[in-house]
Structures are given as structure tokens and as C-alpha cells.
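Work through the exercises below with the sequence and the structure at hand, and try each task before you read its solution.

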Amino acid sequence: MKSQLQDLLRAALVTVLDGSAVAAPADILVEPAKDKKNGDFATNLALTLAKPLGKPPRAVAEAIIAALPQGGIVAKVEIAGPGFINFFLAAGALQQVVVDILKAGEGFGIDRSGSKGKAMVEFVSANPTGPLHVGHGRGAAVGDCMARVLGAAGWQVSKEFYYNDAGNQIANLGVSVQARARGIKPGDADWPEDGYRGEYIADVAASYLAGDTVTADDRAVTAKADADDLDAIRAFAVAYLRREQDLDLRAFGVKFDVYYLESSLYTEGKVDSTVAALQASGHTYEQDDALWLRTTDFGDDKDRVMRKREGGYTYFVPDVAYHVSKWQRGFVRVINEQGADHHGTIARVRAGLQAMDIGIPKGWPEYVLHQMVTVMRGAEEVKLSKRAGSYVTLRHLIDEAGCDATRYFLVARKSDSQLIFDIDLARAQTNDNPVYYIQYAHARVSAVFRQLGERGLSYDQAAGYAALDQLVEADAVALVALLGRFPETVQASAQNLEPHVIAQYLRDLAAAFHGYYHAVPFLIDDASLRNARLALALATQQVLKNGLALLGVSAPEKM
């Protein structure tokens, strides 16, 4: 409905702007009216054009209304306040949404054209040094849902996992596994100072000594079973923990298109070529035996060291090289989903990319940073996993709450807000549990149709379409209006990188349906009205299913 009104306004602007130097705006704001007394939808278009046209806003509004095509979905148009235009829809216009939904099916509100270009979402990107924790889980849920929503909003989406397979953390992993393979335990005198203490290290060591072969999504390694071969231990440990991460992510319904190794940036010369390009740009300088990048030229609060005095590059240099690779691979839109502790890297990475002077736009890449998750059971915080030894693992959460609830809860709030994950609530089969509440709305429709046959009644969809004008109850009208907002909700979620908007929309839709279900009977003798109400129920079920798919949550038919 919103897009149809925007099309009508664009058609009117052809007349209104004819002969002027003012161009029609690329985006025309049309929003649902906050008060139904003021119509169904409203636009501020006249106010935005008043200054460029040099006319009072109400005069512009009058000209727009006069140029609007007549008839169709609009029954009445009014001017409000300084120049807002309010639309009152024609009887039956909203109900047409039901027909649109049932004809489009899984395609309603979904644009799989890929016409907006290539987009990449990089998320999780955990180094293979231990099990994925709850913070990784929130990143996985948010990142995967963003990718799904972008793909449904017209983007060609690639999901990427970037990790370091070398460096100090991997070295510590290797000596930790080697110590366990030699029978040394945490707390023993010979235990490595920075060793990893979780029980999973003992599992890795036992598998290595057994000569196992492990296969991850991006590698396969066979153990040499030699406790003295540190290189072999390190390679096996990385593969073992990558496999563990993959298993956790599969249990979470997440699959990546590309795994990108930080080490490849060095072996393929990408870091060296990036440094050379930055030096050639004139934005670097030598000071105190170190190489600096003048990131203050691009809005950073201070210049940053690229090559340290003692040698070796600081960590933001490979980050810049990695993002140059993303740009060279043709991604128009790049989104990095990371923990809030990565906030400090944003300015320096963007500054480095601007200094490259290769056409990368300002503000590229985009960042979505998530805050920490606190896991609660009852009134007590859950702090430890027996296997990890120091944090709550993603697998622990999935085992406790289930994949659907875990995904929904981790994405249901805006990413930059802290999140309390209530395990008891996530497991509850009550209306207080938003996942159960939404899924139950979907299942309830299936239950209605099972009862339909049991009572010897029938459903005629064509007759339902013809009788949609009978859906005049306030609950029905509100439900239909909410259904019509699904396409714009998907687009807004993709544009603003806010998957929680989908979660909130689905909860509102479930509430509207449950309210309608309790307000009127569906299985009535009046065939005409019965068919109309059942058509609305099926349309609601379809939109619930489409929305749940964007969150990676199942849509059960029985509960």
C-alpha cells in the first residue's frame, strides 16, 4: 500500500514539477497515520518541496492533490497542519492486501532480484582457539538475520567468516594442547603461562594422540600423534576447533559462503601491497623508527602506527588490506557485525581505506556492533560452561533453550543494547515467551483448518476474495493494515541493518491475529463471511512464515 501511494505521488510530481528546475526526490516518505481520524497514511512531501519551489507548503500540497490520479485505492485526500497530506483509503483497498499475499505466497514482501548489487556480511569471525561463546552467538544471530533480510530486500548477499590461523593466540593454543598431550594440566608447574585452561583442550589433545582426522568447512587435517611436533599439533588444533565451531553454527542454522584467512593476506602479498599504496598516497610518515599513517587527515582522533619500531605491522594494517580485498571483489555494500569492543577500529580502518584513494566511499564499510549478553536462569546469572571453563558457550544455550528461541532472543533487541537472556522464559510454552507466541499464531491457523474439515465445512478461496469487503470489524481492519506493512518493514530492516525490527513486527502481528481470533468465530455457517475470515487467517499465516524465515526460526503447524 505504501509503495502504491508513493507511485501515485511520483505521477503527480510529473505535473507539479513540470517547467521547474526542481527534481523529484528519490525517496518519498509515506507513513501510516498515527491517528486513524487523520486517515490511513500521510506524507510530508509538500513540506520538503516548499523551499526548493519557493512556495508555501500548503500551496504545494494543493498542487500535488490536484495532480493525483483519480480513483483507485484512494477515497479522500486532506491537507493537515502546515502542509501534511493525509490519505484515506477506499473501501476494500486494504483488503486487497490479502489477495496479494495469497497469490505471492513465499514471495510476498520479498525481493530476490539482486538488483541492488553485491553485499557482504562478515560476522562471527572467531579465532579457532575455543568454543563459540554467547557473544559469538549474538553476532551469529544478528549477522545471519541481516544477511537474510538483505537478500530479501534485493541484494546479492555473501556471508563471510574471517579468522586468524596464526599469531600469538594460535601459538598459545598449540602449546596448551601440547602440554595436555604430555600429561601436564592447568595448575601444574610446567603449564604454559598464557595457556587455555578449558576442558576442551584435553579433548583436542586426546584426539590428536589418537591420530584422528578432523574435517572443517574449510580444511581437513590428520593428526600425527607426536607430542613433540608443535607445528603438527597447532595445525590439528586449529582444524579441530574450526570443526567444533562449524558444528555449533550448523546447530544454529548458520552457514557461510566464504572463509577468509588472515594469513592469506600475507602469503598473497596483500598487506605489503596495501602498505606500499599507503606510502605512495602521501599520508604516511616515519617517526621514532616507526611508520605512521596520518589518519587524522580522515577524521581519526590521532595518527596510527602502521609498522612498529621493533618490526611487524599493527593489527589495523591487515584489516585495511582485508577490506581492500572486499572492495576489489565488487561488494557495493559491506557490513561488519562485531562486538562492541571493536568500536575503536572503525575510524582507523575507514581512514586507511580513504587514504588508499581507490574510490571507496566514506562510511564504507558499515558496522553493526552488538553489546554483551547476560544469561540468567531464574534470578541467578549463568557464568560458566563446564567445557569452556570460563564462559557460557553457544552450544550450551542451544541445548538449554533450543535453536528457535536462542535465535529469536539474541536478535529481538537492537544490537547496541545489552541483552538479558532468560533461559526459563525461552523454554516456557506460554504467551510470555515471544517465540512461542508467534509460532503459536502460525500453528493456530493450521488448527483452524483441521477443525474446518472435522466439522464438515469447506473453504473456497475465490469466494473468500470476493467477500473481503465484509471484513469490517476493527480487529480485522487493524490486522489487514499490519499485514500490508510487511514489505516496507523488510526494506527498512535491510536499509537500517536492524533485524530486530522483523522480530518486533512478528510479535505485533501475532498479537493482532490472536486478538482477532478471540474477537470473532471463524468456523461459522455463513459461507461468504467464513471464506473471507479464513482467507485473512491464511494471509496472516503466510506473512508469519515469511517473517520467521528471515529470522531463521521455524514455523510449525502443530504445537
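The exercises that follow concern a predicted model, and each task is answered step by step.

**Exercise 1. Helix H5**

Task: Work out how the reach of helix H5 agrees with its expected span, and whether H5 is largely enclosed or not.

Solution: Begin with the extent of helix H5, which runs over residues 134-152 and has 19 residues. The expected span is 1.5 Å times one less than the number of residues, and for H5 this comes to 27 Å. From its first C-alpha to its last, H5 reaches 27 Å, close to that expectation. Next consider burial: 17 of the 19 residues of H5 are buried, so the helix is largely enclosed by the rest of the structure. Finally, look past the end of the helix, where Gly-154 follows with a positive phi near 105°.

**Exercise 2. The largest nonpolar core**

Task: Find which residues touch the most other members of the largest nonpolar core, and which helix gives the most to this core.

Solution: The largest nonpolar core has 123 residues, and Ile-64 and Phe-421 touch the most other members. The helix that gives the most to this core is H21 (residues 527-551), with twelve residues. Apart from this core lies another of 27 residues, including Val-271 and Met-306. To see the surroundings of Phe-421, leave aside its neighbours within four places in sequence; the contacts then include Val-373, Met-376, Leu-397, Phe-409 and Ala-426.

**Exercise 3. Helix H4 and its cover**

Task: Identify buried residues of helix H4 and name helices that cover them.

Solution: In helix H4, which spans residues 96-104, the buried residues include Val-97, Val-98, Val-99, Ile-101 and Leu-102. Their cover includes helix H17 (461-466), helix H18 (474-484) and H21. Just after H4 comes Gly-105, whose phi is positive, at about 60°.

**Exercise 4. Two cysteines**

Task: Decide how many disulfides the structure holds, and why Cys-145 counts as buried while Cys-403 counts as partly exposed.

Solution: The structure holds zero disulfides. For Cys-145, the nearest cysteine sulfur is that of Cys-403, and it is 10 Å away, whereas a disulfide needs the two sulfur atoms within 2.5 Å. Now turn to accessibility, for which buried means under 20% relative accessible area and exposed means over 50%. Cys-145 has a relative accessible area of 0%, and is therefore buried. Cys-403, at 23% relative accessibility, counts as partly exposed because partly exposed covers the values in between.

Key:
Residues are numbered from 1 along each chain as its sequence is written. This is a predicted model: local features need pLDDT of at least 70, side-chain atom pairs count only at pLDDT 80 or more; totals for chains, interfaces and linings use all residues. Side-chain values use heavy atoms; hydrogens and water are left out. Helices (H or I, at least four residues) and strands (E, at least two) are DSSP runs, numbered from the N terminus. Buried means under 20% relative accessible area, exposed over 50%, partly exposed in between (1.4 Å probe, protein chains only). A nonpolar core is a set of buried Ala, Val, Leu, Ile, Met, Phe, Trp, Tyr and Cys residues joined through side-chain atoms within 4.5 Å. Contact means heavy atoms within 4.5 Å.
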